Amino acid sequence: MQAGYDKKNPPMIAAGLLLGSLEAAAELGVDLAETLRASRISLRQLQTGEGMLPLHQVVTFLNDGAERFRCEHFGFLIGKHQPPARWAMTGQLIRFCATIGAAIDDAIRLQMLNNGYASWSVEGDQDLAMLVRRTRVPYDAPMMQMQTLAVVTVYKTMLAVSNRTVSLRQVLFSHRAPADARCLESYFGAPVSFNDFNTALVFRTEELSTPLPGHDPVVHRMLLAHLESLAGPGGANEDLLSRLRRDIKQNLGSRFCNLDGACRRMGMHPRTLQRALHEH
């Protein structure tokens, strides 16, 4: 691992990113038990998508699966099988946006696409736009599976909210090329390049102005105000109590509003959280 990655304080990834793993395993006809053991991820997290996982556990799961099952497209298969509604309320919000561009802006602003390890941004000119993925923390491990899964997930979201095909001009990956990229080119419907400077979806800028069929300014305004009130300051500087209060507000009244649920979402052991609260 490169300097800058701390296993004791790693970037956290929503376990929901791995939803679709069980369906991918079924398509391959394989058993994920050994891969789960190698990555120290529970079967329940694959089934529910609840909680947060350290980056290194997610990468280990993806890389172990790709190697163990001799499947270079393991991450792609997970993304292909991922349910379209994994973002809950934020996913509903972007469906009510006016355009694809506005939906992408909301998703980025509310951390739907960004996480502790990577972030997305829209760049380009009047002809071509790029939705670019950049990493925040150096991590010395093969990232083909992780990057492919992330790009497929974001593209599926664009398709889901627009209820149409978003015509891509090109898909760029910074990792090496797989032995066979035909399944990726077929899925994206565009040329796929590797060993690029960026990892990005490239499309005509006019696609950002595509109106969304579910646009409702009143519902969008109400949901956005609610989500912003729940979000709090967020970020790395947010203290433990603020994170816990925000989590309780977001899950109040649900079966997930309990000690175990909060700890899974915050990536903490229950005893660690109880000790921190006692010290406070």
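Start by selecting F188: this residue is buried, with a relative accessible area of 2%. Keep in mind as you click around that the model is predicted. F188 sits in helix α9 (residues 182–188), and together with L18, F61, L131 and L201 it is among the residues that touch the most other members of the largest nonpolar core, a set of 62 residues.

Now add Y155 to the selection. Y155 is buried too, at 3% relative accessibility, because anything under 20% counts as buried. Look at the two rings together: Y155 and F188 make a tilted aromatic pair, 5.4 Å from centre to centre with 55° between the planes. Y155 belongs to helix α8 and F188 to helix α9, so the pair ties together parts that are 33 residues apart in sequence. Bring in F76 and Y187 as well, and you have one aromatic cluster of F76, Y155, Y187 and F188.

Stay on α8 and colour residues 144–162. With 9 residues, this helix gives the most to the largest nonpolar core. Then pick out T148, which is also found in α8. Is T148 buried or exposed? At 5% relative accessibility, T148 counts as buried. Beyond its neighbours within four places in sequence, T148 is in contact with F76, F173, H175 and L184.

Next, jump to L18, one of the core members you met at the start. Which residues are in contact with L18, leaving aside its neighbours within four places in sequence? Show I41, L46, L53, V58, F61, L62, I78, Q82 and L149 around it. If you want a side trip, select A262, C263, M266 and M268: they are among the 6 residues of another core, which lies apart from the largest one.

Back to F61, then, and the two helices that meet there. Colour α4 (residues 55–68) and α5 (residues 74–81) separately: they pack at an angle of about 115°, with their axes 8 Å apart. That makes α4 roughly perpendicular to α5. To see the contact itself, show F61, L62, G65 and A66 from α4 against F74, G75 and I78 from α5. By class, this contact has 5 nonpolar residues, 2 polar ones and no charged ones.

Zoom in on F61 and F74 within that contact. The structure holds 7 aromatic pairs. In the one formed by F61 and F74, the ring centres are 5.9 Å apart and the planes are at 45°, so the pair is tilted. It links distant parts of the chain, with F61 in α4, F74 in α5 and their positions 13 residues apart. Both F61 and F74 are buried.

While α4 is still coloured, select H56, which lies in this helix. H56 counts as buried, at 12% relative accessibility. What is in contact with H56 once its neighbours within four places in sequence are left aside? Show Y5, K7, P10 and Y139 to find out. Try a distance between H56 and Y5: they are 51 residues apart in sequence, and 9.5 Å apart in space from C-alpha to C-alpha.

For the last stop, select α7 (residues 100–109). Of its 10 residues, 7 are buried, so this helix is largely enclosed by the rest of the structure. Show I100, G101, A103, I104, D106, A107 and I108 to see which ones they are.

Definitions and conventions. Residues are numbered from 1 along each chain as its sequence is written. This is a predicted model: local features need pLDDT of at least 70, side-chain atom pairs count only at pLDDT 80 or more; totals for chains, interfaces and linings use all residues. Side-chain values use heavy atoms; hydrogens and water are left out. A nonpolar core is a set of buried Ala, Val, Leu, Ile, Met, Phe, Trp, Tyr and Cys residues joined through side-chain atoms within 4.5 Å. Buried means under 20% relative accessible area, exposed over 50%, partly exposed in between (1.4 Å probe, protein chains only). Helices (H or I, at least four residues) and strands (E, at least two) are DSSP runs, numbered from the N terminus. Contact means heavy atoms within 4.5 Å. Axes are lines fitted to C-alpha atoms, for helices over the stretch in contact, and angles run from 0 to 180 degrees between N-to-C directions. Angles under 35 degrees count as roughly parallel, over 145 as roughly antiparallel, 65 to 115 as roughly perpendicular and the rest as oblique. Ala, Val, Leu, Ile, Met, Phe, Trp, Tyr, Cys and Pro count as nonpolar, Asp, Glu, Lys and Arg as charged, and the others, Gly among them, as polar. Rings of Phe, Tyr and Trp (its six-membered ring) pair if their centres lie within 6.5 Å; planes under 30 degrees apart count as stacked, over 60 as edge-to-face and the rest as tilted.
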